[in-house]
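Got the sequence and the model open side by side? Let's take a walk through them together, pockets first and strands after.

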Amino acid sequence: MENPIYHRLQPAPVQGGYKEEDYFIWCGSCVKGEDGRYHLFASRWKRDLGFGANWLFNCEVVRASSDNPEGPYRFEEVVLERRERTYFDGMNQHNPYIQYWNGTYYLYYMGTTFGGPIPTPENPPSSERVLEVWNNKRIGLATATSVFGPWERLDKPLLEPRPGKWDCTITTNPAVTILPDGTTYMIYKSREYAGATLQLGVAIADQPEGPFRRLADDPILNFSDPDLHVEDPFLWYSDNQFHLLVKDDFKNNSNGLTGEWGAGVYASSTDCVHWDIHKGKAYSRTVNWDDGTQKQMTNLERPFLLIENNVPTHLFAATGIGEVWNFDHTWNMVIPLS
């Protein structure tokens, strides 16, 4: 089956997207607000902290806005920030994923909490502490009737890990689609133990705020080859089927599903459990820009599609310059679709 995304990619605006000089920007989730403008929810943490593990310890979720989908987006406000450590998301918020249904904005995200000191450049966390806090990742939800807030956060996670199952460690990276009747599907990420391959599962709820129950006991896209791996799902529903965009995160130079590490994979399904993977790339890290240049970006992560009238119109992705996972700077870029 032909990949329906790749041939629609247009040159990316050099001046588009969302960038802040003093912050690392990650994720990026866009919605058209009640004001007719476009609002991007993103993760950010201070650039002088370094990239490293600070997304896990020092991140917040912000809203930026633009008159058009391409941007440039300008910072408006912090939407999710630290609160009491006793909450599951008390110390850190990441992975925003915005949806709108029936008069309410639903902001899904990942939250963590931890005890002890907050890491700084002078006192970075140990690998043991990183793993401990990493295992605290849980999916949360904030809701508002206006894109401007106020946002009401749930005090409990939407989805807890299941002891003894493949997803017994964490719940994170929510990708959500809400059907017209309110039935809500969520793809999430977890793994069985420290160092195990990260996998994707699927849950369902009768309404966007839950309660969620697993739609399948096992992971989806459960590859027999351990070097095949995908992450960063984006999920939507149109034309009586589910659609999935994920990052090809293959291991050990295995060539993966696309032949390019970090490229996009597209799959479709009638039940959100069994998926047909379409051939070719959905997008590439080699980006054509609207100034006529072409450049291979270090990464394209956390793909998110703006969908208007059931048609994807723009692809958002976190990108950066520098070395993989040791970036000089990161921001959210936008690629228009024809």
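What follows is a short tour of two pockets and one sheet.

Keep in mind that this is a predicted model. Let's begin with the empty space. The largest pocket has a volume of about 700 Å³. To find the middle of this pocket, look for Q99, Y100, I178, I307 and N310, which lie nearest its centre among the 26 lining residues. Several strands feed into that lining: β1 (23-32), β5 (92-101), β9 (172-178), β13 (230-238) and β19 (300-308) each give two or more residues. As for the chemistry of the wall, 17 of the lining residues are nonpolar, six are polar and three are charged.

Now slide over to the second largest pocket, with about 550 Å³ of space. Here 24 residues make up the lining, and the ones closest to the centre are W55, W134, K189, E231 and W325. Two helices take part this time, α1 (54-57) and α2 (127-134), each giving two or more residues, and so do the strands β5, β9, β13 and β19. What does the lining look like by class? In the second largest pocket there are nine nonpolar, five polar and ten charged residues.

You've now met β19 at both pockets: it gives two or more residues to the lining of the largest one and does likewise for the second largest. Let's follow this strand into its sheet. It belongs to an open sheet of three strands, ordered β19-β20-β21 with antiparallel pairing. The edges are β19 and β21 (326-336), each of which pairs on one side only. On average, neighbouring strands in this sheet are turned by 20 degrees against each other, direction ignored.

Take the pairs in turn. Strand β19 is joined to β20 (residues 311-323) by seven bridges. If you want landmarks, F304 sits opposite F316 in β20, and E308 sits opposite V311 in β20. The two strands make a hairpin with two residues between them, and N309 in that turn has a positive phi of about 55 degrees.

From β20 you carry on to β21, an antiparallel partner joined by ten bridges. Here a handy landmark is A318, which stands opposite N332 in β21. This is a hairpin too, with two residues between the strands, and W325 in the turn has a positive phi of about 65 degrees. That brings us back to the pockets: W325 is one of the residues closest to the centre of the second largest pocket.

Notes: Residues numbered from 1 in each chain as written. Predicted model: local features only at pLDDT ≥ 70, side-chain atom pairs only at ≥ 80, totals over all residues. Heavy atoms only, no water. 1 Å grid on protein atoms, 1.4 Å probe; cavity = no way out; pocket = protein on both sides within 12 Å on 5 of 7 lines; lining within 4 Å. Points joined across faces, edges and corners; volume = space filled by probe spheres on them. Helix = DSSP H or I, 4+ residues; strand = E, 2+ residues; numbered from the N terminus. Nonpolar A, V, L, I, M, F, W, Y, C, P; charged D, E, K, R; others polar. Pairing = 2+ DSSP bridges. Axes fitted to C-alpha atoms, helices over the stretch in contact; angles between N-to-C directions.
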